[in-house]
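Me: I am new to this structure. Please take me through one part of it closely, and then show me what lies around that part.

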Amino acid sequence: MKKIIILFSVLILSTLRMAFSQDDFETKLLKQFHSIQSQEMMTWIEKLCSPEFNGRLAGTPEFIASAEWVAGKLKEWGIKPAGGNGNYFQWFDFPYTVVNDIGSLTLNLAQADGSVIKKNYIYPDEYYPGMNSGSGEITAEVIFVGYGVTAPELNYDDYKGIDVKGKIVLMNRDVPYSDPRNPEYRKWVGYCYHQYKLENAVKHGAAGMLYIDGAMANPNISYDPSIIVCGIGPQPLADIFAGLKTTNREILDKITKTFKPASFSTAKSVTIKANTTRHPEGKACNVIGMIEGSDPVLKNEAIIIGGHLDAVGKAGKVVNGALDNASGVVDIMGAAKAMALSGIGLKRSVIFLFIGGEEGGLVGSRVYTEKPLFGKDKTITYINLDMVGNGTGLSVSAGSTYKDLLNYFVQANTKYIHRTMQTSTPVPGSYYGRPRSDGVVFSMAGYRTMEIGNTDWYKKVYYHLPGDDPDAITIDIMEDVSKMIYVGLTNMANDASLKF
Ligand SMILES: [Zn+2]
């Protein structure tokens, strides 16, 4: 009987202790939950979009200043430096180009009487200066080269039988194979990079390049001093095709159906002027902070949440990158601060990764995956945020095999936030197709990769264009994204039953 009483009291006591510590956990969790506030987050957005950082182009001193600012915040909150050598920065070489002015794009229309009518295009609606263009001026005939791809193993060459030496090539983004989710696309994927297309044009002797990219900022292209580059929108394209009895669209449709190139001289002359300065000495960095796990075993497992800090800089008007991607950065900062200050000892380690050089070709994420802090077998997941600050709903996506990981966020929303929420199994499109985000880099490197986003976007998006300013953001959804990350990550980091 005595034994039973003792056993019983021990049981009651331990149940009470568990209940108490659960209460304690909940109190701590909620205290910091309510401290995540849109007002403060908006001040961070404004800071990141201030003239001081000049569009955060990776490589520039202004980008580095923005990295130092983020690192300063992590330090203030007691988040440990994890970039290497006891600081927050993981450095890498990052040559960059400064666009000194908007240059110009002109169509030269030869008239029957020998005179030339010049049509100047408007920045930034009709053309956008090539952000890695060589500096100078080129006037030449425009040669249409489809996708600008030379793929002998696929028996496809846009340059076959056509001379582009000293000419201006006109080309499209992407590749003839149009469905990035089809495994067949993988054969083509190496040819879809902007970097490749420019290098291939240079190889064929082109002196200028018109890129049909909708006219927007794009530092993600190779640099070669011998080629002058300009991005164009629909108007110059229509003018170049005027009188040709076909359109770019028609030709592309034919190419994607037949896989036969259809390159030709447009017989139009164009002048591109570019004024740029190359900085081969440029360096950029990732900013990495860590909350080290407190459990002797689980601390060796990490959860990484990341988003790119860099933006596309300034070519004429500054592109502040408020939505792309100060929003993702600030969503993560809000959660990081709350996790650091909550007083909840996280069992697993959590890494906050602010990526540099995304806009210049996903460089920072490649650098991290090549020199990771934790092996990928010790990394529970990499969660990417890019352009997460517009709309009214939440979304979390992950591969179908990682359903357990989704649930931490679903529960956070159900219990505390109550927004509409979309979860999806394979991360849409990009993850298995076009390599256009840091998430793809992690995914291709073999990490379980997730993506947090928003649904029901309702503000106008100025993608890679002037206008991507703090007022392009919906800050109240950002507060909720941050809260969802905070609760979801805290629970994921503390769940001893989570195993892979
Ligand atoms: Zn982005």
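**The zinc site and its surroundings**

Reply: H308 is buried, and D324 is buried as well. This is a predicted model. Both residues serve the zinc ion, so start there, taking as donors the N, O and S atoms within 2.8 Å of the metal.

The protein donors are H308 through NE2, D324 through OD, and D386, which is listed twice through OD. They lie 2.0 to 2.7 Å from the zinc ion. Why is the arrangement irregular? The four donor atoms subtend angles of 50 to 147 degrees around the zinc ion, and that makes it irregular. To count as tetrahedral, four donors need all angles between 85 and 135 degrees.

Now follow the chain. The donor residues are spaced H-x15-D-x61-D in sequence. H308 belongs to strand 16 (residues 302-308), while D324 belongs to helix 7 (residues 322-341). The two are 16 residues apart, and the pair links distant parts of the chain.

Next, look at E358. This residue sits in the loop between strand 19 (349-355) and helix 8 (363-370). Is E358 buried or exposed? Its relative accessible area is 6%, so E358 is buried. Leaving out residues up to four places away in sequence, E358 touches H308, D310, V363, D386, R436, S437 and D438. Among these contacts are H308 and D386, which are also donors of the zinc ion.

Helix 8 comes after that loop. Its buried residues include G364, S365, V367, Y368 and T369. What covers the buried residues of helix 8? The cover includes strand 2 (89-93), strand 15 (283-291), strand 16, strand 19 and helix 10 (438-444). Strand 16 is the strand that holds H308.

Go back to helix 7, the home of D324. The axes of helix 7 and helix 11 (residues 475-494) come within 8 Å and cross at roughly 50 degrees. The two helices are therefore oblique to each other. The crossing is right-handed. From helix 7, the residues in contact are S327, V330, D331, G334, A335, A338 and M339. From helix 11, they are M478, V481, S482, I485, Y486, L489 and T490. An α-helix has 3.6 residues a turn, so residues three or four places apart point the same way.

One last stop is Q39, in helix 2 (residues 38-48). Q39 counts as exposed because its relative accessibility is 56%. Its C-alpha atom is separated by 17 Å from that of T392, 353 residues apart along the chain.

Definitions and conventions
Residues numbered from 1 in each chain as written. Predicted model: local features only at pLDDT ≥ 70, side-chain atom pairs only at ≥ 80, totals over all residues. Heavy atoms only, no water. Donors = N, O, S within 2.8 Å, 3.2 Å for Na, K, Ca; no water. Tetrahedral: all angles 85-135°; square planar, octahedral: opposite > 155°, others 65-115°. Helix = DSSP H or I, 4+ residues; strand = E, 2+ residues; numbered from the N terminus. Buried < 20%, exposed > 50% of the residue type's maximum accessible area, 1.4 Å probe, protein only. Axes fitted to C-alpha atoms, helices over the stretch in contact; angles between N-to-C directions. Parallel < 35°, antiparallel > 145°, perpendicular 65-115°, else oblique. Left-handed = near helix turned anticlockwise from the far one by under 90°. Contact = heavy atoms within 4.5 Å.
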